[in-house]
Amino acid sequence: MTSENKYGKKIINVALPKGRLGEKVYDIFEASGYPCEEIKEDSRKLIFENEEAAIRYFWVKPSDVAIYVERGAADIGVAGKDILLEYSPDVYELLDLNMGKCRMAVAGPKDFRDNTGRTLRVATKFCNIAMDYYASQCREIDIIKLQGSIELAPILGLSDVIVDIVETGTTLRENNLEVLEEIVPISARLIANKVSFKFKNKEIESIVKKIRRNIKND
């Protein structure tokens, strides 16, 4: 992909997370002066560009956004703080978009009491976050990596607790589980490739400034 278009402007490639969050993020970009009408059309296109605004969007799996940005396929993108903490991609975190808010938490049975005399069994797909959290408490744990239905683990005795993202807590309550400890608040963050931030600094900083203004006005 060329770095400049026919208007002589440097094109900014933006990786948007697929789904509702990505659609809300696009709305913020659009309101900030970076519209691309065809992105709203029902099509199988993967890349959407507004040459005049010098912006190019593409949808990717939320967990892949940071990879596209880190590797330079995207100049900027939007990723959850959970992804940034778990995988520690080599990117710049530019802005908290105050969207997709939730929290990373330890959850377990309502009557759970931690027996520090034995290793704590922790089921999670966020292994690094869990290990860092318990290491800070000098607590010995056994990580059980799962990809889905994490809540099942303590119910079936596979684990003592889970470390997972909690939004409303409804799923936990319906399964007689509850939040035991909050680890860190999570929200969507605007991130940038480090090389792009150096060579397209003016353009990226302008985007950040305009988006920040729109976030404040919401």
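**Close-up views of a sheet, a helix and a loop residue**

**View 1. Strand 6 and strand 10 lie side by side.** Strand 6 (residues 102-109) and strand 10 run antiparallel and are joined by eight bridges. Strands here are DSSP runs of E with at least two residues, helices are runs of H or I with at least four, and both are numbered from the N terminus. Two strands pair if DSSP finds at least two bridges between them. Look for V106, which stands opposite E181 in strand 10. This is a predicted model, where local features need pLDDT of at least 70, side-chain atom pairs count only at pLDDT 80 or more, and totals for chains, interfaces and linings use all residues. Residues are numbered from 1 along each chain as its sequence is written, and side-chain values use heavy atoms, leaving out hydrogens and water.

**View 2. Five strands make an open sheet.** Their order is 8-7-9-6-10, with mixed pairing. Strand 8 (141-145) and strand 10 (177-186) are the edges, each pairing on one side only. From one strand to the next, the twist averages 30° (angles run from 0 to 180 degrees between N-to-C directions, with axes fitted as lines to C-alpha atoms, for helices over the stretch in contact).

**View 3. Helix 4 packs on the sheet.** Helix 4 (residues 127-136) touches strands 6, 7, 8, 9 and 10; contact means heavy atoms within 4.5 Å. The direction of helix 4 makes about 170° with that of strand 8.

**View 4. Meet L158, a loop residue.** L158 sits between helix 5 (152-155) and strand 9. Leaving aside neighbours within four places in sequence, L158 contacts R121, I144, L146 and A153. With a relative accessible area of 41%, L158 is partly exposed (buried is under 20%, exposed over 50%, partly exposed in between, using a 1.4 Å probe and protein chains only).
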